[in-house]
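Q: I'd like to learn how to read a protein model feature by feature. Could you walk me through this one?

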Amino acid sequence: MFIVLVAAEGTALLASPDWRVRLDGWQDPVQLVVAPIMILAGVLAVRARKRYTAVVLVSVTGIGMVTLFAFSGAPDLALTQILVETVTLVAFTLVLRRLPSRLGDHNASVWPVARAVLAIAVGITMAIVVIVATGSRVADPISVEWPKLAYEIGHGTNIVNVALVDLRGWDTMGELSVLILAATGVASLVFVTDRTDLLSQTRAVPRSSGRRTDRRPLVETTDGISLETEHNRDSHRAWLISSLRVRPENRSIMLEVIVRILFHTIIVVSLYVLLAGHNLPGGGFAGGLIAGMALVMRYVAGGRHELGAAAPTDAGTLLGAGMTLAVACAIVPLFFGQAPLTSTYWDAVLPLVGHIEFVSSTIFDIGVYLVVIGLVLDVLRSLGAEVDRQAKSLGVGAEGTR
């Protein structure tokens, strides 16, 4: 594929009668600092001998993009990029738990010199394409009209969010479908025997937690809930519900306290980012990733049972509900003689609040919010909780549970 890319693009570039090149060395001095760091991190990632080291170095290049976006006046892109990098790092970490820490000789690349030459050729080709393409514009870009279109058609001032859920809603619809298919595919590969998500059931999570005050056996009820004896009624005072299942040497009281305090606050912040995204930096994608990070915190602090307590629902339900809302926003306008994804708005004056507006495309954004949370939850359930369960059943690298 890379050879075809270099050959095709290189032929097109060489066949062009003239190149219009308008190139600035930099637009902001920060680029002179960030770009070399990103380049160095990329080179070190290729040379890294440990898997996790390579993943962290790749994340450094992503953090560099966050900085470039922030100093280029694109807070929405910077916010989304930092959240995506964090979730990606978590996903890689979950996978690397079951792989050797070092890259052995059997993982060595075939023909390393030829691959290096090809990689350099791809990089040079794409750099030339970007330089030539940006200097070849002969007409005003359509984005010049987007601020006006976003306000008059989408009834919002955040151009990026309005474009995603209104002006280019069909693109977002396709991206949601890809996310759902990716999540389903990963889960299907990991859940090798049964796709049923037992962790989302409330009865799969212990109701009581904390250190036991005696050595009396647990009482197993008919509905599968493990209850403590009456001598340990104060066990519900534990910070996390799964403390009963985690070995003392694997617990961090400080982490449990921080997670318990911050979890609900982060969920509220994610809802604010979701609802404020129509006029301020944010939106459904960023809000969903923030809520997903709250779930990551619960999983890291308490393991798979804590994740079941934090999100007592199936990931597929969230994915399906989000996609249903998005599709409904495309279908409902048809019943009123409008084109699909046509948005409208309602305004009202509320006591103590003042004038408020609600845009119908916000429902589409809520669908994006649910899909993203479902995606993160499915990754945690499959690559995290299910891998923990399989490791525990095999007796290797098992989670610190009873």
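Q: Let's start with a backbone oddity. Where does leucine 341 lie?

A: Keep in mind that this is a predicted model. Leucine 341 sits in the loop between helix H12 (315-331) and strand S3 (345-350).

Q: And what is the phi of leucine 341?

A: The general idea first: most residues other than glycine have a negative phi. Leucine 341 is not a glycine, yet its phi is positive, about 65 degrees.

Q: Is leucine 341 buried or exposed?

A: Buried means under 20% relative accessible area. Leucine 341 has a relative accessible area of 9%, so it is buried.

Q: Which loop holds histidine 155, and what is its phi?

A: Histidine 155 is found in the loop between helix H6 (146-152) and H7. Its phi is near 55 degrees, again a positive value in a residue other than glycine. For a glycine case, look just after H10: glycine 303 follows that helix, with a positive phi near 85 degrees.

Q: Since you mention H10, what span should its 19 residues have?

A: Take 1.5 Å a residue, and the 19 residues of H10 should span 27 Å. The end C-alpha atoms of H10 are 27 Å apart, which agrees.

Q: How many residues of H10 are buried?

A: The count is 16 of the 19, so H10 is largely enclosed by the rest of the structure. As background, 38% of the 402 residues of the protein count as buried. The protein has 13 helices and 4 strands.

Q: Now a single side chain. Is threonine 125 buried or exposed?

A: Threonine 125 has 10% relative accessibility, so it counts as buried. You'll find it in helix H5 (residues 112-134).

Q: What does the side chain of threonine 125 reach?

A: It reaches the backbone oxygen of alanine 121, at 2.7 Å. Then look past the neighbours within four places in sequence: threonine 125 is in contact with Val6, Glu9, Gly10 and Leu13.

Q: How do I read pairs that are distant along the chain?

A: Compare the separation along the chain with the distance between C-alpha atoms. Valine 95, in helix H4, and leucine 383 are 288 residues apart along the chain, and their C-alpha atoms are separated by 6.4 Å. Valine 95 counts as partly exposed because its relative accessibility is 38%. Another pair is valine 268 and alanine 291: 23 residues apart along the chain, with 8.6 Å between the C-alpha atoms. Valine 268 belongs to helix H9 (residues 253-276) and, at 54% relative accessibility, counts as exposed. Across the protein, among contacts between residues at least 6 apart in sequence, 69% join residues at least 24 apart.

Q: Last topic, pockets. What volume does the second largest pocket have?

A: In general, rolling a probe the size of a water molecule over the atoms shows where empty space is left. Here the second largest pocket has a volume of about 490 Å³.

Q: Which elements give two or more residues to the lining of the second largest pocket?

A: They are helix H4 (75-96), helix H7 (159-167), helix H8 (169-190), helix H10 (284-302) and helix H13 (361-394). H7 gives the most, with 6 residues.

Q: How many residues line the second largest pocket, and which lie nearest its centre?

A: The lining has 23 residues, and Val160, Leu164, Thr172, Glu175 and Phe285 lie nearest the centre. By type, the lining divides into 12 nonpolar, 6 polar and 5 charged residues.

Methods
Residues numbered from 1 in each chain as written. Predicted model: local features only at pLDDT ≥ 70, side-chain atom pairs only at ≥ 80, totals over all residues. Heavy atoms only, no water. 1 Å grid on protein atoms, 1.4 Å probe; cavity = no way out; pocket = protein on both sides within 12 Å on 5 of 7 lines; lining within 4 Å. Points joined across faces, edges and corners; volume = space filled by probe spheres on them. Nonpolar A, V, L, I, M, F, W, Y, C, P; charged D, E, K, R; others polar. Buried < 20%, exposed > 50% of the residue type's maximum accessible area, 1.4 Å probe, protein only. Polar contact = N/O pair within 3.5 Å; in protein donor to acceptor, adjacent residues only side chain to side chain. Contact = heavy atoms within 4.5 Å. Expected span 1.5 Å × (residues − 1).
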